[in-house]
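Open the model in your viewer and keep the sequence panel visible. The stops below each give a selection to make and then say what is there.

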Amino acid sequence: MAEWATYTLADFLMFSPRVYFRLVERYNQGLWPFQLVFIAGALAVLFATATATDGRRARAAAMATLSVAWFFCAWQFLWLRYSTINWAMSYGTAAFMLQSGLLLLAIRWTDRAALPANSLRRRGGIGLMVFGLLAYPFLPLIAGRAPASAESFGTMPDPTAAVTLGALVAFLSQKLWLLLPIPLLWCAFSALTLLAMEDFGAWAPFVVILTTFALLLVRR
């Protein structure tokens with residue numbers, strides 16, 4: 001047991017930071033300008049969440065868009081790219097596919113209740129969505145990485161999880177809270193991976209996790 005105390009997070013990495021971020025860069029270059037399609041979709045979800053009064057329509061549109069984003073991340077990034085350097089991503093792919101299916105099923109769970117305009121939790125969820133949509137593309141500039149390694153909603157897991165958590169919190173439906181575990185677990189996994197790579201961007205998923213739990217404690 002004493003030997004385990006000598007291990008660090010970096011000892012569990014199956015790849016170097018250079019290999020990982022180069023993988024992300026090539027992935028982004030191969031997809032461009034497809035990222036803009038998902039950004040437009042995220043903006044539509046954000047607009048619906050912020051302005052809609054018809055709870056059922058807003059939730060259904062958001063769940064459908066988020067489901068597509070999770071499926072795309074699972075297939076294009078986790079399975080076709082990330083799994084080539086990290087065998088554990090076969091399980092990550094399955095989790096993302098499961099989340100995509102649950103988001104589709106969640107359309108049936110939505111009700112016709114109006115979205116409360118002045119809810120603190122709703123405003124916080126919208127803020128978390130904005131963070132996932134706008135902050136992640138600029139992380140390479142802060143972390144000293146190449147701009148081509150930027151992450152965007154729908155194509156990369158971290159911003160997709162952040163936007164999803166924000167939307168789920170904003171919609172104030174207890175049934176939708178069943179969709180929280182997978183995004184939260186992914187954020188924790190990503191934070192630890194980035195810490196192991198000594199990347200400055202590790203703070204972002206930690207912020208997402210802490211913000212989500214803080215908002216869940218808000219009563220209104």
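What percentage of the 220 residues of the chain count as buried? The answer is 50%, where buried means under 20% relative accessible area, exposed means over 50%, and partly exposed lies in between (1.4 Å probe, protein chains only).

This is a predicted model, in which local features need pLDDT of at least 70, side-chain atom pairs count only at pLDDT 80 or more, and totals for chains, interfaces and linings use all residues. Residues are numbered from 1 along each chain as its sequence is written, and side-chain values use heavy atoms, with hydrogens and water left out.

**Whole chain**

Colour by secondary structure. There are nine helices and zero strands in the chain; helices (H or I, at least four residues) and strands (E, at least two) are DSSP runs, numbered from the N terminus. Contact means heavy atoms within 4.5 Å. Of the contacts between residues at least 6 apart in sequence, 79% join residues at least 24 apart.

**Start of the chain: Ser16 and α1**

Select Ser16, in the segment before α1 (17-31). Ser16 has a relative accessible area of 31%, so this residue is partly exposed. Now add Met197: the two are 181 residues apart in sequence, yet their C-alpha atoms are 7.3 Å apart.

Next, select α1 itself. Its 15 residues should span 21 Å at 1.5 Å a residue, and the end C-alpha atoms are indeed 21 Å apart. The expected span of a helix is 1.5 Å times one less than its number of residues. Buried residues of α1 include Tyr20, Phe21, Tyr27 and Leu31.

Then go to the loop between α1 and α2, where Pro33 sits. The peptide bond from Trp32 to Pro33 is cis, with omega near 5°.

**Helix α2**

Select residues 35-51, which form helix α2. The end C-alpha atoms of this 17-residue helix are 24 Å apart, in agreement with the 24 Å expected at 1.5 Å a residue. Show the side chains of Gln35, Phe38, Gly41, Ala42, Val45, Leu46, Ala48 and Thr49, the buried residues of α2. They cover an arc of only 165° around the axis, which puts them on the same side of α2; the arc is that of the directions from the helix axis to the C-beta atoms. An α-helix has 3.6 residues a turn, so residues three or four places apart point the same way. Turn to the other side of α2 to find Val37 and Phe47, which are exposed.

**Helix α5**

Select residues 120-135, helix α5. From first C-alpha to last, its 16 residues reach 21 Å, close to the 22 Å expected at 1.5 Å a residue. Among the buried residues of α5 are Arg121, Arg122, Ile126, Leu128, Met129 and Phe131. The buried residues of α5 pack against α2, α7 and α9 (203-216).

Arg123 is also in helix α5, but at 46% relative accessibility Arg123 counts as partly exposed. Its C-alpha is 9.3 Å from that of Val169, 46 residues away along the chain.

**Pro140 and Thr155**

Select Pro140 in helix α6. At 2% relative accessibility, Pro140 counts as buried. Not counting residues up to four places away in sequence, Pro140 touches Arg145, Ala146, Pro147, Ser149 and Ala150. Between the C-alpha atoms of Pro140 and Ala150 the distance is 5.9 Å.

Move on to Thr155, in the loop between α6 (139-143) and α7. Is Thr155 buried or exposed? With a relative accessible area of 0%, Thr155 is buried. Leaving aside its neighbours within four places in sequence, Thr155 has contacts that include Tyr27, Leu31, Gln35 and Phe38.

**Helices α7 and α8**

Select residues 157-170 (α7) and 181-196 (α8) together. These helices pack at an angle of about 140°, with their axes 9 Å apart; axes are lines fitted to C-alpha atoms, for helices over the stretch in contact, and angles run from 0 to 180 degrees between N-to-C directions. Where do they meet? Pro157, Asp158, Ala161, Thr164 and Leu165 in α7 meet Pro183, Leu184, Trp186, Cys187, Ser190 and Leu194 in α8.

**Last stop**

Finish at Glu198, in the loop between α8 and α9. Glu198 has a phi near 55°, a positive value in a residue other than glycine. At 74% relative accessibility, Glu198 counts as exposed.
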